[in-house]
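User: Could you take a close look at one spot in this model and then walk me outwards from there? Keep it chatty, but give me the cut-offs as you go.

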Amino acid sequence: MNELIDKLKTQIIEALNLEDMTISDIDTEAPLFGSGLGLDSIDALELIVLLEREYGIKLTNPAEGKEIFRSVATIADYVSKNRTK
Amino acid sequence: MNKETRCFVLSMTQVSCQKPLCDEWIDNPCRYTDYFVRAQEPDTRNLIPPSEARRMSRILKRALVTSITALNESGISHPEAIITGTGTGCMENSEKFLIDLCRYGENCLKPTLFMQSTHNTISSLIAIILKCHGYNNTYSHMGISFESALLDAWLQIKSGMIRNALIGAHDEVTPFMALVMERTHPEFAFISETSMSAMLSSGSDSTSACEIKDIKLFHKPDMEKLAALLNEDTDPMLMLGINGNPLNDAPYLELLENLDYSPSTEQYKKTFGDNFSSSAMAFYKGVRILESCGDDKTGRITLINHSEGSDWSIIRLQRQPGEIVKK
């Protein structure tokens with residue numbers, strides 16, 4: 001799981017152009033939206049594209065996105081259970 | 001049209017292959033031998049918060065930084081119009097978007113690239129960041145995009161529709177695009193990138209403000225008629241888009257042969273390179289020359305450019321020292 005978490009952090013930094021950040025700057029349990037990283041709705045769309053491209057996960061229910069994208073830990077948990085590639 | 005209304009250049013700044021956001025290079029500009037030279041990137045951190053800059057491509061950061069700098073220098077915080085010229089718009093994002101389209105198909109595309117790959121992204125982003133809700137337009141007419149934007153602003157100011165306008169010309173060139181342009185534009189000498197922003201106003205608090213006297217655009221003009229137009233004004237200096245490539249220079253030389261007088265000539269493309277916004281640097285250099293010509297002299301320069309030999313522009317600049325026309 002730690003390997004997946006680090007990989008996700010790297011992919012998030014790249015996808016969202018968080019240029020000045022490294023994976024050690026992202027708290028695994030911290031909220032991604034609002035406080036924490038302070039991401040916004042466009043970032044949420046970028047994360048949906050990221051999951052589909054890299055892990056074959058297609059999010060069809062917007063309601064579940066809120067819980068999945070709560071933190072890097074929740075994304076990693078969801079990816080590990082639902083990935084198709 | 002109100003004949004009394006005039007149009008002045010209050011401030012301007014540039015990002016190019018010369019040192020950005022300053023004029024330190026003017027007396028000793030960098031000389032390049034490479035065919036493709038990218039712009040020197042300005043430090044954007046003081047003007048654009050990192051949280052906003054992270055989604056912006058290079059051309060957007062350059063456009064925003066030159067716009068904010070020109071605004072700050074003009075003392076006007078909210079322009080009444082934002083008018084941009086760009087030949088190819090956000091090329092870097094467009095390339096990434098198309099590559100993604102080929103690689104992932106239509107169902108899995110990044111929203112930021114989708115939103116920020118159109119030509120009018122630049123003008124609209126400037127408006128969003130500056131919170132300006134006035135007239136906003138983008139001209140994308142290849143080599144006369146800047147002149148088209150300038151003409152729009154000039155006509156609106158001269159007619160009294162607006163009192164001021166932020167104009168800009170922005171074009172970026174990617175390595176792939178440079179390869180394509182080498183084949184499609186054999187008239188270019190060396191290719192580079194341009195971002196130039198300027199504040200125009202119907203009045204000026206400065207005694208050194210340069211006035212835009214006239215702008216004319218032509219499509220496939222008769223050279224003798226074009227020369228006749230210049231012979232009427234006999235401006236002592238012509239700023240030409242000569243770049244040292246005979247394919248580009250021949251029409252300029254033909255025009256010069258048809259003149260009845262012998263003006264001095266300046267060339268700007270050898271300093272700034274070719275791209276679809278390069279004529280904006282003629283405007284920039286022309287205004288700077290007039291500003292430095294001394295407090296007791298009236299200066300006049302005519303900027304002449306052509307795009308692929310078919311579209312021509314003539315811009316006449318004049319500076320009358322000691323004159324203040326209140327903003």
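Analyst: Let's start with T234(B), which sits in the loop between α8 (223-233) and β7 (237-240) of chain B; helices here are DSSP runs of H or I with at least four residues, strands are runs of E with at least two, and both are numbered from the N terminus. This is a predicted model, so local features need pLDDT of at least 70 and side-chain atom pairs count only at pLDDT 80 or more, while totals for chains, interfaces and linings use all residues. Residues are numbered from 1 along each chain as its sequence is written, chains are lettered from A and ligands numbered from 1 in the order in which they are written, and side-chain values use heavy atoms, with hydrogens and water left out.

How open is T234(B)? Its relative accessible area is 37%, so it is partly exposed (buried is under 20%, exposed is over 50%, partly exposed is in between, with a 1.4 Å probe and protein chains only). Setting aside neighbours within four places in sequence, T234(B) is in contact with Y261(B) and R300(B), contact being heavy atoms within 4.5 Å. R300(B) is 66 residues away along the chain, with 9.5 Å between its C-alpha atom and that of T234(B).

Staying with loops of chain B, H133(B) is in the one between α5 (121-130) and β3 (135-139). With a relative accessible area of 78%, H133(B) is exposed. In sequence H133(B) and H78(B) are 55 residues apart, and C-alpha to C-alpha they are 9.1 Å apart. A little further on, M142(B) is in the loop between β3 and α6 (145-158). The backbone is what catches the eye here: M142(B) is not a glycine, yet its phi is positive, near 50 degrees. M142(B) counts as partly exposed because its relative accessibility is 37%.

Now for the rings. Over all chains there are 7 aromatic pairs (rings of Phe, Tyr and Trp, the last by its six-membered ring, with centres within 6.5 Å; planes under 30 degrees apart are stacked, over 60 edge-to-face, the rest tilted). One of them is W25(B) with F272(B), an edge-to-face pair at 5.3 Å centre to centre and 90 degrees between the planes. That pair joins distant parts of the chain, 247 residues apart: W25(B) is in the loop between β1 (8-15) and α1 (50-53) of chain B, and F272(B) is in helix α10 (residues 269-272). W25(B) is buried because its relative accessibility is 7%, and F272(B) is buried because its own is 0%. Moving to another pair, F97(B) and F114(B) have ring centres 5.9 Å apart and planes at 45 degrees, so they are tilted. Helix α3 (residues 91-104) of chain B holds F97(B) and helix α4 (residues 111-115) holds F114(B), so this pair ties together parts 17 residues apart in sequence. F97(B) counts as buried at 15% relative accessibility, whereas F114(B) counts as exposed at 56%. Back at the earlier pair, ring pairs link W25(B), F272(B) and Y284(B) into a cluster.

Over to chain A, then. It has 4 helices and 0 strands, in the pattern α-α-α-α along the sequence. Chain A has a radius of gyration of 12 Å, close to the 12 Å from the globule rule for 85 residues, so it is as compact as a globular protein of that length (the radius is taken over C-alpha atoms, and the rule is 2.2 Å times the number of residues to the power 0.38). Its C-alpha trace spans about 30 × 25 × 20 Å along the principal axes. Of its 85 residues, 44% count as buried. Of the contacts in chain A between residues at least 6 apart in sequence, 57% join residues at least 24 apart.

Helix α4 (residues 72-82) of chain A has V72(A), A73(A), T74(A), I75(A), A76(A), Y78(A) and V79(A) as its buried residues. They pack against α1, α2 and α3 (62-68) of chain A. Chain A also has a residue with positive phi that is not a glycine: N17(A), at about 55 degrees. N17(A) is in the loop between α1 (2-15) and α2 (41-55), and it is partly exposed because its relative accessible area is 35%.
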